[in-house]
Amino acid sequence: MAFEEVLSVALKENFDILIAQSTKKGSVLSNKISNLHIWLPKATFMIAQHNQWEKGTKRFDFRSDPFFRLTWESRSIFDRIFETKINNQYNLVNHLMATKTISDTLQKVVASYYELALAQKKCELSHTFTKVAASRLKIEEKKFRLGLVSKINYLNADLALKEANLALLEEQEVLKEKRRNLNLTLGRPLNEAILVQSTIPVEPMWDMEGITPEKVVDLEAAIQAKKVAIAATELTRAKCHLLSCLSLLSDFSANGYIYNLQDKKWTINPSKGEVHIGVSIDLARLLLMPATIKKARVDLNNETFKLSSRS
C-alpha cells in the first residue's frame, strides 16, 4: 500500500476518526437545535368549551362558549444573545477537538507505517544475509573437504549461518508485530496481510495540510484559548444578569358562539377578546447575581491559568 492510500483508508475506516467526526456533527446539530429553541418563544395553547341550552316560548337556543387561550413567554433578548454566542463558541471547540483526534490518530498511522516499512527493510536484509551465509558455508565446506581450509573456518561459516537464520526469525516476528499495529490503527483484522512501500525516507515526512484544511498548530492550546473565550462570555453574561432576569409575557383569549336550532346556523355572540402583556423579573436569579459573577470570574481565571501553563 502506498503512503497516501494508507492515510485515505485511515480517514475512512479508523474508528477513532469516525467517532470524532460523528461526535462533532452531533454536537453542531445539537447546538443548532438549542439556538432554535432559544429564539422561539415558549407558547401554550388551551381550548375549552361550555355548552348551555336555553328554552324560550317558540325557540330553543344552544349556546356554545369555546374558550381559546394562547400564552407565550419570551426570555430576555440579552440572555438569548449570550446563549447563542456560547453555543457557537462550543461549536468551534468541538471542531478543534475533532481535528486534534484526527491529527493524533493520523500521526499514529504514520508512525506505524514507517515502522512497518523499516521492519520490511530489515527483514529483506536478513534474507540477503542468510543467503550470503548459506553460500559461504557451501564454499567453506568444499574447501574443507579439499583440505584447503581448517575445520575452524567451516565451523565459523556454519555458526554465521545459524546466527543469520536466528536474526531472520527475529526480524520476521518484528515484522508481524508492526503489521498488526498498522492493521489496528486502520481498523482492519490484525493478521491481514499488508505490504507497504519500503523505498521511503528513514525519517517520517508528511504534511498535515495535505490531509486536513487546518494548519499544524498546537491544537490543545487552541482548544484552551476557545475555552477561555467561553468563560469570558459567561462572565459578561453574569454581569448583565439584571437584564437577563427580565422576561416578556403575553396572553390572548377569546370566546362566544351561539347555535340556533330553528335557523340551523351558528351566530357569533358578542364575545370578549383579551390581550395581556407584562414583564416578569426572576428574583432568585437577581439575588444570586453577586455569587454568579464571582463563580464566573473564578472559572475564567482557572481557564486562563490552564492556557498560561501551556506557554
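**Helices, cores and paired side chains**

Asp-104 and Lys-100 both belong to helix H3, where 4 residues, about one turn of the helix, set them apart. In this predicted model, the two form a salt bridge whose closest N and O atoms are 2.7 Å apart. Asp-104 is partly exposed, with a relative accessible area of 30%, whereas Lys-100, at 19%, is buried, because buried means under 20% relative accessible area. An α-helix has 3.6 residues a turn, so residues three or four places apart point the same way.

The structure holds 9 salt bridges, and another of them joins Glu-141 to Arg-145, again with 2.7 Å between the closest N and O atoms. Being 4 residues apart in helix H3, Glu-141 and Arg-145 are separated by about one helical turn. Glu-141 counts as partly exposed at 25% relative accessibility, while Arg-145 is exposed, with a relative accessible area of 66%. In helix H5 (residues 219-239), Arg-237 and Glu-234 lie 3 residues apart, about one turn of the helix, and their side chains meet in a salt bridge of 3.9 Å, N to O. Here Arg-237 is buried, with a relative accessible area of 17%, and Glu-234 is partly exposed at 30%. Salt bridges that share partners join these two residues and Glu-83 into one network.

From charged pairs we turn to the start of the chain. In helix H1 (residues 3-13), the buried residues are Phe-3, Val-6, Leu-7, Val-9 and Ala-10. They cover an arc of only 160° around the axis, which puts them on the same side of H1, and on the other side of this helix Glu-4 and Lys-12 are exposed. What covers the buried residues of H1 includes helix H2 (15-39), helix H3 (77-146) and helix H4 (151-186).

Val-6 of this buried set appears again in the largest nonpolar core, which has 23 residues, and within which Val-6, Val-109, Tyr-113, Leu-182 and Leu-186 have the most contacts. H1, H3 and H4 each supply at least two residues of this core, and the largest share, 10 residues, comes from H3. Apart from this core lies another, of 8 residues, among them Val-228, Ala-238, Met-289 and Ala-296.

Tyr-113 also leads to the aromatic side chains, where the structure holds 2 aromatic pairs. The rings of Tyr-113 and Tyr-114 have their centres 6.1 Å apart and their planes at 70°, so this pair is edge-to-face. Tyr-113 is buried, with a relative accessible area of 0%, and Tyr-114, at 9%, counts as buried too. The other pair, formed by Phe-144 and Tyr-154, is stacked, with 5.8 Å from centre to centre and 20° between the planes. This pair links distant parts of the chain, with Phe-144 in helix H3 and Tyr-154 in helix H4, 10 residues apart. Phe-144 is partly exposed at 33% relative accessibility, and Tyr-154 is partly exposed at 22%.

Helix H4 also holds Lys-178, which, leaving aside its neighbours within four places in sequence, is in contact with Glu-115, Leu-116 and Ala-119. The C-alpha atoms of Lys-178 and Gln-120 are separated by 9.3 Å, although their places lie 58 residues apart along the chain. Arg-180, likewise in helix H4, is partly exposed, with a relative accessible area of 34%. Beyond its neighbours within four places in sequence, Arg-180 is in contact with Leu-190 and Asn-191, and from C-alpha to C-alpha it is 7.9 Å from Glu-192, which is 12 residues apart from Arg-180 in sequence.

Methods. Residues numbered from 1 in each chain as written. Predicted model: local features only at pLDDT ≥ 70, side-chain atom pairs only at ≥ 80, totals over all residues. Heavy atoms only, no water. Buried < 20%, exposed > 50% of the residue type's maximum accessible area, 1.4 Å probe, protein only. Arc of directions from axis to C-beta. Contact = heavy atoms within 4.5 Å. Core = buried A, V, L, I, M, F, W, Y, C linked by side-chain atoms within 4.5 Å. Phe/Tyr/Trp six-rings, centres within 6.5 Å; stacked < 30°, edge-to-face > 60°. Salt bridge = Lys/Arg side-chain N within 4 Å of Asp/Glu carboxyl O.
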